Amino acid sequence: MNHGNSSDSVQFVKIVDEIIGDLRDDLLFVFDAGGGAKQVLDKITGRDMRCITRKRPNMSDDTWI
């Protein structure tokens, strides 16, 4: 059994694998940080779908934020 947020990226890969074939090509996925796994993003962009996910800012981003 997977517990907490440490399993998010694993779960997103499984979920995307299960449903991506049934979805329209023009969808926009919106994820929290767990959906930002490279495997998930590659599957989505490979189908020419779009996605929005949280990304950790770089240290240099602190200067303009």
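R47 makes contacts with I20, G21, L23 and D25 once residues up to four places away in sequence are set aside, and this residue sits in the loop between α2 and β2. The model described here is predicted, with an average pLDDT of 76 over the protein chain and a score of at least 70 for 75% of the residues. The points below take up the loop that holds R47, the nonpolar core, the salt bridges and a nonpolar patch on the surface.

**Confidence by element**
- Within the protein chain, helix α2 (residues 38–46) has the highest confidence, at 84, whereas helix α1 (residues 8–19) has the lowest, at a mean of 80.

**The loop between α2 and β2**
- R47 counts as partly exposed because its relative accessibility is 26%.
- Although R47 and I20 are 27 residues apart in sequence, their C-alpha atoms are 8.7 Å apart in space, and I20 is among the residues that R47 touches.
- D48 is likewise placed in the loop between α2 and β2, and it has a positive phi of about 60° although it is not a glycine.
- With a relative accessibility of 67%, D48 counts as exposed.

**The largest nonpolar core**
- The largest nonpolar core has 10 residues in all, namely F12, V13, V16, I20, F29, F31, A37, V40, I44 and M49.
- Helices α1 and α2 each supply at least two residues of this core, and α1 gives the most, with 3 residues.
- In soluble globular proteins, nonpolar side chains tend to be buried together.
- F31, a member of this core, is in contact with F12, V40, I44, C51, I52, T53 and R54 when its neighbours within four places in sequence are left aside; of these partners, F12, V40 and I44 also belong to the core.

**Salt bridges**
- The whole structure contains 3 salt bridges according to the search, and side chains of opposite charge can pair when their charged atoms come close.
- K43 and D17 form one of these salt bridges, with their closest N and O atoms 2.8 Å apart; K43 lies in helix α2 and D17 in helix α1, so the pair ties together parts that are 26 residues apart in sequence.
- Both partners count as partly exposed, K43 because its relative accessibility is 32% and D17 because its value is 42%.
- D42 and K38 also meet through their side chains in a salt bridge, at 2.8 Å from N to O, and because they are 4 residues apart in helix α2, about one helical turn separates them.
- In this pair, D42 counts as partly exposed at 40% relative accessibility, while K38 counts as exposed at 59%.
- A further salt bridge joins the side chains of D26 and R24, at 3.0 Å from N to O, and D26 and R24 are both exposed.

**A nonpolar surface patch**
- L28, V30 and I52 make a nonpolar surface patch of about 280 Å².
- I52 belongs to strand β2 (residues 50–52) and counts as partly exposed because its relative accessibility is 47%.
- I52 thus has a place in two of the groupings described here, since this residue contributes to the surface patch and is also one of the contacts of the core residue F31.

Key: Residues numbered from 1 in each chain as written. Heavy atoms only, no water. Patch = residues over 30% accessible without salt bridge, like charges linked within 9 Å, V, L, I, M, F, W, Y side chains within 5 Å. Areas by Shrake-Rupley, 256 points an atom, 1.4 Å probe, with all protein chains shown as cover. Salt bridge = Lys/Arg side-chain N within 4 Å of Asp/Glu carboxyl O. Buried < 20%, exposed > 50% of the residue type's maximum accessible area, 1.4 Å probe, protein only. pLDDT = per-residue confidence, 0-100. Contact = heavy atoms within 4.5 Å. Core = buried A, V, L, I, M, F, W, Y, C linked by side-chain atoms within 4.5 Å.
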